[in-house]
Amino acid sequence: MFSVITCIRDNHDWRLVLAAAAVCLVGALAAMLPLSRAQECDAGRRKLWIGASAFAFGTGVWATHFIAMLAYDGGMPITYQVGLTALSFLLSVAGSWAAILVASQSRGRFSHLSGGVVMALGIATMHLTGMQAIETQAVIRYDPTMTLSAVLAGALLSSAAFHAFFQLKGLRRLLASSVTFVLAICALHFISMASITLVPDPGKEVPATVLDTSLLAAIVVVAAMALILIALAVVFIESRLTDLRGLANASQEGLLILREGRIIDANERFQGLSGWKLADLSGKAPSAVLTAVQGQNRSGETLLNTRNGKEIAVEVNTSRIVYRGHNCDVLAVRDLTERRQAEEMIEHLAHHDVLTDLPNRSLFDTRIRQALQMAERTNGEVALFYIDLDRFKTVNDIFGHAEGDRILCKVASILRRVADESDTIARLGGDEFAIIQPAGQQPAAAQKLAAAILDEFAAEMDTARDPTAVGVSLGIALYPADGSDAEEICNNADVALYRVKHGGRGKACFFDAEMDEATRARRQIESELRYAITRNQIHVSYQPILNAHSGEISGYEALMRWNRPGHGMSEPDIFIPIAEESGSIVQLGEWVLREACMEAARWPHPLTIAVNVSPVQFMLPNLCDRIETILRETGLAPDRLEIEITEATLIRDRDQVMATLQRLRSLGVHIVMDDFGTGFSSLSNLRTFPFDKIKVDRSFTGMLEHDAAARSIVRAIIGLGHSLGMPVVTEGVETETQRQIVVEEGCAQVQGFLLGKPDIEPSMKLAASESYLSSTDEADALPIQRRRPKRLAGE
């Protein structure tokens, strides 16, 4: 170590030593830049960058050596042989290339060490060759140990430099590797210089053709700096050009560069889109591949002729740039295939059902109008089928929407099989389908198609074996027999379908005028019921329930009444079933319950209020929660509310209904079995759930005076109530004789017109004597009427 320091201090010009170190650092930085670039490129381009790095590194090493040699003072004149000096440069570049290649491409554990060893050997070879190029009257003697130490130091430092380069990132990689390489080069050179001894030999001849040191210095400095600057310039320019071309190739648009109307360049996107290579395109006019591209105004849509003969719709936009020193046109070619496909898909989705791919209502409306127009011109006939699936809602609720979707797709497949190609099959929404039959002799063609649909459903949808199978109902209207325009034909087909759905289902029905009148009336009621509450047409009337023995009022029943415009008071037996079928009973029933609870909460005496709840309402999972909320909001004590149900309620989902009744009972609400003795009466219902009351249906009460059997049934029901500990209420008491009979049989409570009509406001102090003695006089009936919008099954 001391001999190296002494060598540098005593035998070298320190200013040139610093210059050599500076050149070495510039060379190392110039080498690391392209080597960094090489790590980001593919295999083919990586070799070019490694070559550029090796050239810059070899040049820097060679220049460092000879500048340091110029700084060396051996005590005698020194010149350099031209041939060996040039060879040392080539060896420096070749050694650098081999070392970088080994360090970059090896995947072993010692790749960095291997690269460092090769780099040290390359530098040492260049160094020894450069030393052999010295021409002076002296013999150079080497210390093998020092020389080997120099190579070992260079190898270790070069390995460390490669390790830093491949492990670090960004600026740290560049600086750490460059500085370490400078240390490696300088260590190897100066340790080697410390190991040599110049032994004078006056008899040695010096060739005439040599490089003087001053000339060599100028050549080395100029050449080194020039080569390094060229390397940096190449790196910069290539990087910019590569990035720009990469940016152009990354574009989603094909680019054509035109000079004087001829193609001179094209990016990879255009070559991939057209199938043409750049060599095929160069020198050709753009019209060779683009249809109708002429003149300067080339913007717009056109066709691209591909190499395989296909034509692709493209959009072309033109602009001008300076390219390779000339003004050029740039054609930006955008493939419209995906956009056209997307537009077609959007158009298709706008007119087709997503699930079944059948025409939707929008396309159906267009097709039915077109079919009728064609039939009008040709004096033809058109059959329109409206199709509804039976049991679909139940299957969908039980087995889930995925199974429901599968069924809808299967139905679409069945309809496609049975319909002709000229027929239009559409899905109008939910489980509603339609078929337009524009050809054939009617009604025979429609009858044939209807039979085919029913037969195919019977074969494919066996409801006896498959719990997910559904049935089908068909409503058919004919043009021009059943209507003169699309709206009328559609309405009449819907009317026919409505008749099938309410007349047994699973059949086909042709429209007729009588059907139209009955169905329209029913649908009118459905429509008006939806708005009856908001239009203040519904009100609640209260009918008293009296103690059969004392005659005191024990409570009232809330009854819904509908004052239908143009029809007067509509009977509950007419509109309640329709409300239940349409689902509007849910809204009506909740409104009546709230109104009745609000009214009862204002009464001065804690009388009970009975409210009918429809079987449809019990299908709601939140019924108990809704009743609890109404009680809380109105402030009515739960034990004053009586919920009246019919045995039909227990037919649908018995377990769920029983659970709801138990929850209501736990709230304190009383449960009353209404209309007992009719319909689905079963003693098991009384055994399963302990009702608070049993109500005898009015149909038995009306026959008490003339029918012994009716009297026996009433007696049996009352006796059953006594044995089960359930009070019995007799409805429909309209005469004194009827009242006396039920009282004699032991009935607990009575209700009917004799005791009070349902269109009056409750009276809190009606005495028994007043009630009975004035039973035939309307003036005695409880005084003031109270009208309110209402809801709930009534009288």
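**Salt bridges**

I began with the salt bridges and found 26 of them in the structure, which I note at once is a predicted model.

I looked up Arg339 and found its salt bridge with Glu343, where the closest N and O atoms are 3.8 Å apart. Both residues belong to helix α11, which spans residues 337–351, and they sit four residues apart, about one turn of the helix. I then checked how far each partner is covered: Arg339 is partly exposed at 35% relative accessibility, and Glu343 is partly exposed as well, at 40%.

Next I turned to Arg594 and Glu633, whose side chains meet in a salt bridge with an N to O distance of 2.6 Å. This pair links distant parts of the chain, since Arg594 lies in helix α19 (residues 585–602) and Glu633 in helix α20 (residues 623–634), with their positions 39 residues apart in the numbering. For Arg594 I recorded a relative accessibility of 21%, so the residue counts as partly exposed; the cut-off matters here, because buried means under 20%.

Staying with helix α19, I asked myself which residue forms a salt bridge with Glu599. The partner is Arg602, and the closest N and O atoms of the two are 2.8 Å apart. Glu599 and Arg602 are three residues apart in α19, about one turn of the helix. Is Glu599 buried or exposed? With 4% relative accessibility, Glu599 counts as buried, whereas Arg602, at 45%, counts as partly exposed. I also followed the salt bridges that share partners, and these join Glu301, Arg339, Arg340 and Glu343 into one network.

**The sheet with β11 and the helices on it**

I then traced an open sheet of five strands, whose order I wrote down as β12-β13-β11-β14-β15, with mixed pairing. Its edge strands are β12 (424–429) and β15 (508–510), each of which pairs on one side only. From one strand to the next the twist averages 20°.

Within this sheet I looked more carefully at β11 (residues 382–390) and β14 (residues 471–479), which run antiparallel and are joined by nine bridges. As a register mark I noted Leu384, which stands opposite Ala477 in β14.

Two helices were checked against the strands. Helix α14 (residues 401–418) lies across β11, β12 and β13 (432–437), and runs at about 15° to β13. Helix α16 (residues 486–501) packs on the sheet as well, where it touches β11, β14 and β15, and its direction makes about 145° with that of β14.

**Single residues and a surface patch**

I looked up Cys328, which lies in strand β10 (residues 326–335), and its relative accessibility of 1% makes it a buried residue. I set Cys328 beside Glu260: the two are 68 residues apart in sequence, while their C-alpha atoms are 7.4 Å apart in space.

On the surface I found a nonpolar patch of about 370 Å², made by Phe110, Leu113, Val117 and Leu121. Of these residues I examined Leu121, which lies in helix α5 (residues 111–132) and is partly exposed, with a relative accessible area of 46%. That value fits its place in the patch, because patches are made of residues with over 30% relative accessible area and no salt bridge.

Further along the chain I listed the buried residues of helix α25 (residues 736–744), and they are Gln738, Arg739, Ile741, Val742 and Val743. I also noted the backbone after this helix, where α25 is followed by Gly746, a residue whose phi is positive, near 95°.

**The chain as a whole**

I closed the entries with the totals. The secondary structure comes to 26 helices and 24 strands, and of the 795 residues in the chain 48% are buried. I asked what share of the contacts with a separation of 6 or more comes from residues 24 or more positions apart, and the value I wrote down is 68%. The chain exposes about 37800 Å², of which carbon and sulfur atoms supply 56%.

Technical notes
Residues numbered from 1 in each chain as written. Predicted model: local features only at pLDDT ≥ 70, side-chain atom pairs only at ≥ 80, totals over all residues. Heavy atoms only, no water. Pairing = 2+ DSSP bridges. Axes fitted to C-alpha atoms, helices over the stretch in contact; angles between N-to-C directions. Contact = heavy atoms within 4.5 Å. Buried < 20%, exposed > 50% of the residue type's maximum accessible area, 1.4 Å probe, protein only. Areas by Shrake-Rupley, 256 points an atom, 1.4 Å probe, with all protein chains shown as cover. Patch = residues over 30% accessible without salt bridge, like charges linked within 9 Å, V, L, I, M, F, W, Y side chains within 5 Å. Salt bridge = Lys/Arg side-chain N within 4 Å of Asp/Glu carboxyl O.
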